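Me: Could you walk me through a few labels used for this structure, and show me how each one is justified?

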Amino acid sequence: MDILNAIVLLLNFVVVPAAAYGAQLALGALGVTLIYGILRFSNFAHGDTMAFGTAMVILVTWGLQAMGISLGPLPTALLALPFGIALTSIFVLGTDRVVYRFYRKKRSEPIILVMASVGVMFVMNGLTRMLPGIGVNEVRFDDGARFLFSVQEFKAWTGLTEGLSLRVSQALTLIVTALCCWALFRFLNRSREGKAMRAYSDNEDLALLSGIDPERVVRLTWIIATALAVTAGTLYGLDKSFKAFNYFQILLPIFAAAIVGGLGNPLGAVAGGFIVAFSEVAITYPWKKVANYLGFEPDGLLQLLSTEYKFAVSFVILIVVLLFRPTGLFRGKSV
Amino acid sequence: MSNTRQADATSPWRAPIMFLILAALFFAEGTFRNAMFSGSWNTALSILNMGLISAVMALGVNMQWGYAGLFNAGVVGFLALGGLAPVLISSAPVEGAWAAGIPRVALALVVGLGTLALSAQVWRRLSGIVRVPALIGTLVLGFVLYRYLFDPAVIAIEANNAASAGNIGGLGWPVLLSWPVGALFAAAAAWGIGKVALGLRSDYLAIATLGIGEIIVAVMRNEEWLSRGVKNVSGLPRPVPYELDLQGDTGFVAKAAEWGMDPATASAIWVKLLYAGLFSFVLLLLILLAELALKSPWGRMMRAIRDNETAAEAMGKNVTRRHLQIFIIGSAVIGLGGAMMATLDGLLSPNSFNPLRYTFLIWVMVIVGGSGNNWGAALGAILIWFLWIKAEVWGPEFMRLITAPLPEGGLREHLLGSAPHMRFIALGVVLLLVLRFAPRGLVPEK
């Protein structure tokens, strides 16, 4: 029984939250890695793209709620998501047209593009803060049912002392992420456009020679990356809450995930997201109770690192990868 | 980069004229009282002082970016480390902290660093299948020993007079001494991070520094034994006299009366002038040193590396080594700026270290001023700082102006209310515009 309790405890506080967080990071890292693969720079504005997109989704959600539309047990934000993606894509394509295209045509150094993305980050950050009702507040926009099953229900079914709950937002995160990944990989591997994207990422000049329209590939990349970013941001916001600054901070774990998997490698980004999330949660979780169930009586909390330092975990992973395998686990773009 | 940095002929009068315009702005701020300017020399001088400190930080960033093309996205961290120095060197010693466990904390930190050094040696010396287990074993043992030493000592120190202290306190030495120490702290961190991230893709350094910046700030916020965390360390000693002492000094009061000023204003302005003198001295000294370095063979080598890494490498220059060198020097200058800032504020408040404000604002200063040109970076720093502060006043005024045609109501209210956030947008737009249309900045590199 104690073993079962330990397992349930672990599932409730480590596995489920880390899986949901990992899925959100994976979606974010996929966007970063796609932009890196095609446009060849690390997009610092990605976090604020997520924030901006989520803010758009929230506004549309409020609009839908005001009209009395809802999805029953599912959050209304899911219905608003396509609108949010469309609005954000228009904005992001605008930034590409106004900002990035110039440097791409000039073949500037990647670091100049990184710098430009910092400028875009500022603009998006300011715009997000200016949106009515969002600003710098913490916004909760999850409606519908909260739990698939709650701790009490679980305890009643199983008779264990420890409970397990699964929130709708967590289940939704996993399902949506799985769908997104499936669709993305199918698109990249099967469709004509996806193949064009991969070709362009592998060798720009060869791709141009074979008649691939670079602007089209770039546009498509921005749209896909934005869609992934907005989805990730919305799921993150549903799971926790929306606060613009958190999306700037999530940039570091996302970069770490993308680099761990190998920048430019979509499969690596997904794996990296889960690696970062599981390490982060496992290292900041106090293991005392689990140890108690397993028959140990530790003095301390058995917490390797306090939760304030969770970003240190992604950083350490990043450093380790840079030290030992700078191309990432899945062989991304060259060093 | 190379195609944007070729020297076009620019007027030699450009920099002096820019500095004159800047001086005129400060003069206007000090003398005219209207919707745009405060008309108070006190305000003008406090903006100038922080501007001078920003100029020092901008010099540091300029060394990294302008001389070597390195993107440091963690300026805030190096700056915060520098700010820690006045706390550790100059704040008053905390009674009982030594007995509570300073030696033990020091030992723990030595063990921690020793573990990392030992692991590096293990990795280098061993090979074959024992390598990975030995590395992991060293790390785990070191970590356990470190926590065993560290945790009880920290609890004891934080329990020691928690209301007013609860930290290790300082040495009580003169505050000016802490400035070079701040530079050293930042340099040490830069060495560690540069060792790992340099020599790889240019983006990697940006991402790694972004991380170290966040972590240093997180450490300062949470480690109460070190910097009292969010409780702030206040009352740092000053290198200049206190206003109250000046007001009590009959000689000073008589002097102030001669100038026709009341003692309170006069003392505030005098103190700020002293600070401005001190900061200007440091700034000018740094610019002098930097210019001398740039004109030396070393400086030519740095520029050669920046403009064409491959060619420089072919000439036998160790690019990664030189990058590490300049990254450390630049970070040290940023740390110096951080120490100066903590001294000016008289307090260290880790909660105020915001990356948008400290990392990226400094970046905008360098880019606007003219990357690669020390005078340009200094000019950009003071100018952008002036505009950043004044935008707080001008933003709402501007909003009121453009929303005047709108009917009274929710939308207008909202736009007026969100005017402060316009600063971020304005900053981003300025950065993008300069990067695109004047990539060499206001005062281009010669």
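Reply: Happy to; what follows covers the contact between the chains and then two loop residues.
This is a predicted model, where local features need pLDDT of at least 70 and side-chain atom pairs count only at pLDDT 80 or more, while totals for chains, interfaces and linings use all residues. Residues are numbered from 1 along each chain as its sequence is written, and chains are lettered from A, ligands numbered from 1, in the order in which they are written.

Me: What makes a residue of chain B part of the contact with chain A?

Reply: Two residues are in contact if their C-beta atoms, placed from the backbone, lie within 7 Å. The contact takes 35 residues from chain B and 37 residues from chain A. On the side of chain B that touches chain A, α8(B) gives the most, with 13 residues.

Me: Why is A:Arg40 called partly exposed?

Reply: A residue is buried if 20 or more other C-beta atoms lie within 10 Å of its own, exposed if 12 or fewer, and partly exposed in between, with C-beta atoms placed from the backbone. A:Arg40 has 19 other C-beta atoms within 10 Å, so it is partly exposed.

Me: And why is A:Arg107 called exposed?

Reply: A:Arg107 has 9 other C-beta atoms within 10 Å, so it counts as exposed.

Me: What is the phi of each of these arginines?

Reply: Most residues other than glycine have a negative phi. Phi of A:Arg40 is near 65 degrees, a positive value, and A:Arg107 has a positive phi of about 55 degrees.

Terms used:
Helix = DSSP H or I, 4+ residues; strand = E, 2+ residues; numbered from the N terminus.
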